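Morning, everyone. I want to talk about empty space today. Please bring up the model.

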Amino acid sequence: MEQIENLKNFVVNNFLFGKSNLLDFDTDFFEKGIIDSTGILELVCYVEETFNITVKDEEIIPENFSSLTKLNNYINQKLNHISEVIKKCAV
Amino acid sequence: MCGIAGIINLKEPIPLSTNSLGRMTSCLRHRGPNESGIYIDDWAGITQTRLSIIDLFEGTQPIHNENKNLWIVFNGEIYNYIELRRNLIENGHKFYTLTDTEVILHLYEDEKENCLNKLNGQFAFAIWNSITKEIFIARDRVGKKPLFYTIYKNQFYFASEIKAIFINNEISRNIDFISLNQIFTFWTTLPGRTIFKDIKELPAGYYIKLKKNLISINKYWDFEFANSNNEINYKIDDIAWFSKELILDAVNIRLRADVPVGCYLSGGLDSSGIAAIVKKNFNNELRTFGIRFEEKDFDEGEYQREMVSNLNVNHSEIFATNKKIGELLPEVIWHCEIPLLRLSPVPLFMLSKLVHQNGFRVVLTGEGADEIFGGYNIFKETLIRAFWSKFPNSNMRPRLLERLYPYIFKDPKSRASLKSFFKLGIENPNDPFFSHIVRWQNTSRIKRFFSEDISNAYQGYDPYLELKEILPKDYFNWDSLSKAQYLEMKIFLSNYLLSSQGDRVAMAHSLEIRMPYLDYRLIEFLGKVPSYFKIRGLNEKFILKKVYKDIIPQNILERPKHPYRAPIRNSLLKNNLKYVDEYLSEESIKKLNLFNHVMVTKLKQKLSQQNEASEFDNMALVGILSSQILSNIFIENFHSKLIKPETFNITFDRRTLIESEATAITTK
């Protein structure tokens, strides 16, 4: 829960300038005009820096980046994948 | 080219204040620094302050007809006045000047409002009939010259600029929240509105007839496009030939002046073409003027140099530094009288100063070519989105957008998400606003910055509904490019480009701009040309490129289109501008209560910290800051009393009722 709240804070502060009532976890960023053509890159940078993951070009698709829930799920998948890889390496 | 103003009694003769009329005129002095005049009787007072261009010695206004019952004040130029004058003389009219002003007056005498159909030019004028007590006020077809008005306590006030009306302290000065909503949607107000609640603008192509308290406002012209049933059936070479002939004549008649005429030269196709035509056909000693930018992304110096060398013209340029652009914004807002969403008017304000300092009063510009020949990216974007809408799930079709906007697609990471951005409204290609909905919806996001009170004030208001009401009936039968062209010309060209980037910043330094591409004959001809000739594939302005094929260098002809813009964040937030901090301070934002101060502070912080600013954040910054400036200089701290009344060079005083206050009028 904390992770998705942090994501929400970032989006609210950077794209809605504090107006949190415009954003639910499932609000579509593009349909509701929350993030524009250049904003998506800001979001990708934030995700890469904050979660220490690499976002591949082909992963920047609406299925992963168009709402907080989708973004949160995507980050979890990436983090799970990384931890599995680490486990395998450790074994 | 001048400033005009007036006050008309609507109900009964109330003594008119020459002091008020003198102060109104004084406010417009920058529009006409050479001389001024007034006509006044018990019902009407009309004034003019003149920038002399035709008949420098005898053209002082107001000008009257033979019987001295019709009196005209006029701002603008009628380019076909020589031909019209000849016909009027043949019909028995007697002229006492060589001016185009007197031509309008006699033509009106003969044909009343139908005279407008014969005028080729840019104009706003008022004709007072002292017998019938009727005033006739008209504005040119496209909106090159401004005209504002209001009614207060049975008096009708009009002027070339709003500040001249506000000089009368009794006129209320309030922001119209609906207009603010429109500006933060369409980048300007819809025709007829201004940012101020009680001030109206006479829309382009309209006239007013006012007789005592009976007022009628009528349209006499609008942009029109053909559909497949009535478009012209010429070959492309014939269309290009005809266009070229029209451009040549449009340029030729716009060189009519008793002062030298220069040219703006940006290095783009449109202004290069005009400069080349003038130099090669009409004036071998042509002077040209251009803008250079400190920031490379905005600068077109390379192409300007190429054109200057190719044409061998005497060229002068201003160097627009970020600091200078930032410093001048408040002064530009004073002249534009509307909040802005970009800083492009500022370098043009600097350029007109340079031209003025070089002793020029008139320049030709390339304005209007993108609109009528189909040059803007939004037109190509419309065609691509219409093509995409036929197969919305296609992955290939939206990739055409990458060719259109290579700079925003340059990072492959954003490609898929950008598709979502441009997909807005794709399912409904028949929507009347299909072409512009992406732009308008994106701009509308700035409204989130509005304070709660402002948001509540326009709740339930839909700007698109108001726009739908002014669309012509035929609009719905036009193809997608024609619809896009209409919206672009009706809203953005008439109400923003021709004012904030045109008349207002040029006249700030007593400079008249003339726009050959906006000759109505050319507009009407191209309106009948099938859309597929205008943009071939993604090749914009196909016809104009054919016109200039042998006139301007290949390199200029084929260069990628470079939208004229000015840097925002680096101009406003990187130069320690005290006024920016003051106007964006919590105290100032709270005081004017237009915007939410928490959000504005966060925006400013974000823009100050990041290396690059998004288009949206830049637009929001200018929109908020310019609204704050405008509220301050026109509402909170409008120093109307400081302006002294004009000392007129000529006075026609026919009053029987004399005001009690002291006047400041001298008689020639």
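Which helix of chain B gives the largest share of the lining of the largest cavity? Helix α19 of chain B, residues 499–507, with 3 residues. Keep in mind that this is a predicted model.

Let me stay with that cavity. The largest cavity holds about 150 Å³ of space. Its lining is made of 15 residues. Nearest its centre are B:Phe148, B:Glu201, B:Cys336, B:Ile338 and B:Asn495. By class, the lining splits into 5 nonpolar, 6 polar and 4 charged residues.

Where does the largest cavity lie? Two domains of chain B both give residues to its lining, so the cavity lies between them. They are domain 1, 2–221 + 644–653, and domain 2, 236–373 + 486–558. As for the count, the structure has 8 cavities of 30 Å³ or more.

Now the pockets. I'll take the second largest one. Its volume is about 730 Å³. The lining here has 34 residues. A:Leu22 from chain A is among those nearest the centre, along with B:Ser444, B:Arg445, B:Lys447 and B:Arg448 from chain B.

Which helix gives the most to the lining of this second largest pocket? That is α15(B), with 4 residues. In chain B, α15 (437–444), α16 (452–457) and α26 (586–592) each supply at least two lining residues.

And the chemistry of that pocket? The lining of the second largest pocket counts 13 nonpolar, 12 polar and 9 charged residues.

That's my tour. Over to you.

Conventions
Residues are numbered from 1 along each chain as its sequence is written. Chains are lettered from A and ligands numbered from 1 in the order in which they are written. This is a predicted model: local features need pLDDT of at least 70, side-chain atom pairs count only at pLDDT 80 or more; totals for chains, interfaces and linings use all residues. Side-chain values use heavy atoms; hydrogens and water are left out. On a 1 Å grid over the protein atoms alone, a cavity is a set of points where a 1.4 Å probe fits but cannot get out, and a pocket is an open set with protein on both sides within 12 Å along at least five of seven lines; lining residues have an atom within 4 Å of a point. Grid points are joined across faces, edges and corners, and a volume is the space filled by probe spheres set on the points. Ala, Val, Leu, Ile, Met, Phe, Trp, Tyr, Cys and Pro count as nonpolar, Asp, Glu, Lys and Arg as charged, and the others, Gly among them, as polar. Domain bounds come from an automatic or database domain assignment.
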